[in-house]
Amino acid sequence: MNNEDEARRRDADEPGHRHLFHLPPADGGRYPEAAYLAGNSLGLQPRATRDELFADLDAWRRLGVEGHLEAERPWLPYHELLTAPAARLVGARPAEVVVMNSLTVNLHLLMVSFYRPAGARTRILIEDAAFPSDSYAVRSQARFHGLDPDTTVVRLRPRPGEDVLRTTDVLDLLAAEGETVALVLLGGVNYLTGELMDIPAITAAGRAAGAVVGWDLAHAAGNVPLALHDWDVDFAAWCSYKYLNSGPGALSGVFVHERHLGDPALPRFEGWWSTEAATRFEMTPVSRPPATAEAWQVSNPPIFAMGPVRTSLELFDAVGMPALRGRSVRLTGYLEKLLDEVSAARPLTVVTPRDPARRGAQLSVRIGAGSAAGLAKRLRYEHGVIADAREPDIVRFAPVPLYCTYHDCWRVADALAATVEVSA
Ligand SMILES: *Cc1c(COP(=O)(O)O)cnc(C)c1O
């Protein structure tokens with residue numbers, strides 16, 4: 001069996017940023033803190049978040065309405081503080097990014113502009129293992145346009161007997177049937193399998209076929225390096241509560257490529273925050289949208305939701321995605337090695353791609369017997385290991401590089417070895 005001391009030694013050699021986060025206590029097992037491997041589902045709270053949030057609450061207490069202009073971080077332009085760091089995180093220009101609303105709401109607002117079925121070009125390409133919210137969103141968009149969702153939404157499936165999509169299969173489909181595709185909307189990192197899609201290749205193929213290409217980056221933002229502008233992505237959206245550690249239901253980021261900014265032909269759902277800030281309070285009946293992603297804003301934003309995002313983005317700026325990705329690859333590779341040792345004699349299979357270039361900080365394990373939820377429960381209450389179960393048979397482990405350790409990875413393997421029976 002692998003060696004706990006070795007994991008400890010790795011942590012001593014390569015300290016992460018765990019001290020900047022609150023770790024939940026363990027519900028069982030030998031260690032006081034949980035081994036938290038569920039940051040792909042909900043990231044942990046940075047220690048700096050609480051003060052940030054309270055400072056904004058205090059400004060409201062002291063200033064009332066005057067806080068719009070007089071708060072230390074005035075509310076009217078508050079969202080602008082998030083734009084540059086969010087743009088750096090996803091490889092965008094500041095004009096291409098805005099932080100607002102929640103993820104699925106933003107997908108709808110973006111599809112109003114970018115899903116425009118016409119003639120034979122009506123179909124929407126998603127992955128069969130898409131997050132349900134994305135499935136519901138595209139199906140409802142098809143219905144909104146008077147189309148049959150069953151024939152309009154094309155679901156990409158892995159080949160029989162395989163767990164993840166092959167890029168070539170996606171490219172082949174776009175080459176063969178691209179003229180019927182209006183929109184490609186895929187998860188950058190699949191929530192279930194942890195597969196990192198080849199975003200630049202699929203974007204290029206989709207656009208060459210005449211389709212609009214959007215990405216749901218819920219599991220990619222803050223997890224893998226992104227270069228949305230250079231990759232020519234049409235649009236993207238992501239939430240801030242998974243790898244971005246900004247709290248449950250945290251705000252979503254939106255990217256719209258520069259080439260679409262200021263295009264008067266694009267339809268959009270607007271509100272008073274869609275108009276340019278300089279003339280917003282002239283309260284004119286007709287909007288004057290700026291030539292930035294802010295034109296997709298609708299309402300004035302929830303200020304208390306913004307401090308946590310700001311705190312988190314500052315952390316990502318301070319650590320830097322290249323350093324974070326390096327540690328992520330090492331931690332995930334270490335967990336993979338330990339999982340392989342445990343799986344050798346047990347009905348467990350890692351379904352996430354083996355190539356580090358095709359995944360982020362998540363390994364999904366298929367269990368051959370029993371329920372995923374039952375296993376996750378035992379890991380939590382008997383070993384203090386928090387992981388995320390997706391019924392019927394997937395348990396997801398995300399060694400998030402900001403706050404997870406090599407010892408956490410060791411605890412996962414140790415807990416699985418103790419919990420899952422050796423195959424007969
Ligand atoms: C987490 C996640 C969502 C959640 O959507 P909300 O609108 O934030 O509730 C949607 N899509 C994907 C792919 C996700 O991973």
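**Reading a sheet and a ligand site**

Q: Where could we start, and which strand is joined to β10?

A: Strand β10, residues 363-367, is joined by 4 bridges to strand β13, residues 394-397, and the two run antiparallel. Keep in mind as we go that this is a predicted model.

Q: What holds strands of a sheet together?

A: In general, the strands pair through backbone hydrogen bonds, and the pairing may be parallel or antiparallel. Here you can pick out one facing pair: V365 stands opposite V395 of β13.

Q: In what order do the strands of this open sheet come?

A: Follow β9-β10-β13-β12: these 4 strands form the open sheet, with antiparallel pairing. β9 (348-350) and β12 (388-390) are at the edges with a single partner strand each, so each has one side without a neighbour in the sheet. On average, neighbouring strands here are turned by 30° against each other, ignoring direction.

Q: Now for the ligand. Which residues surround the ligand?

A: Look for L103, T104, F131, D134, D216, A218, H219, Y241 and K242 around the ligand. Sorted by class, this shell has 4 nonpolar, 2 polar and 3 charged residues.

Q: Which side chains have an N or O atom placed close to a ligand oxygen?

A: T104 has a side-chain N or O atom 2.6 Å from an oxygen atom of the ligand. For K242, the distance from a side-chain N or O atom to a ligand oxygen is 2.5 Å. Y241 also places a polar side-chain atom 2.6 Å from an oxygen of the ligand.

Q: How much of the ligand's accessible area does the protein cover?

A: On its own the ligand has 390 Å² of accessible area, and the protein covers 84% of that.

Technical notes. Residues are numbered from 1 along each chain as its sequence is written. This is a predicted model: local features need pLDDT of at least 70, side-chain atom pairs count only at pLDDT 80 or more; totals for chains, interfaces and linings use all residues. Side-chain values use heavy atoms; hydrogens and water are left out. A residue is near a molecule or strand if one of its heavy atoms lies within 4 Å of it. A polar contact is a pair of N or O atoms within 3.5 Å; within protein, one must be able to donate a hydrogen and the other to accept it, and residues adjacent in sequence count only if both atoms are side-chain atoms. Accessible areas come from the Shrake-Rupley method with a 1.4 Å probe; for residues, only the protein chains shown count as cover. Ala, Val, Leu, Ile, Met, Phe, Trp, Tyr, Cys and Pro count as nonpolar, Asp, Glu, Lys and Arg as charged, and the others, Gly among them, as polar. Two strands pair if DSSP finds at least two bridges between them. Axes are lines fitted to C-alpha atoms, for helices over the stretch in contact, and angles run from 0 to 180 degrees between N-to-C directions.
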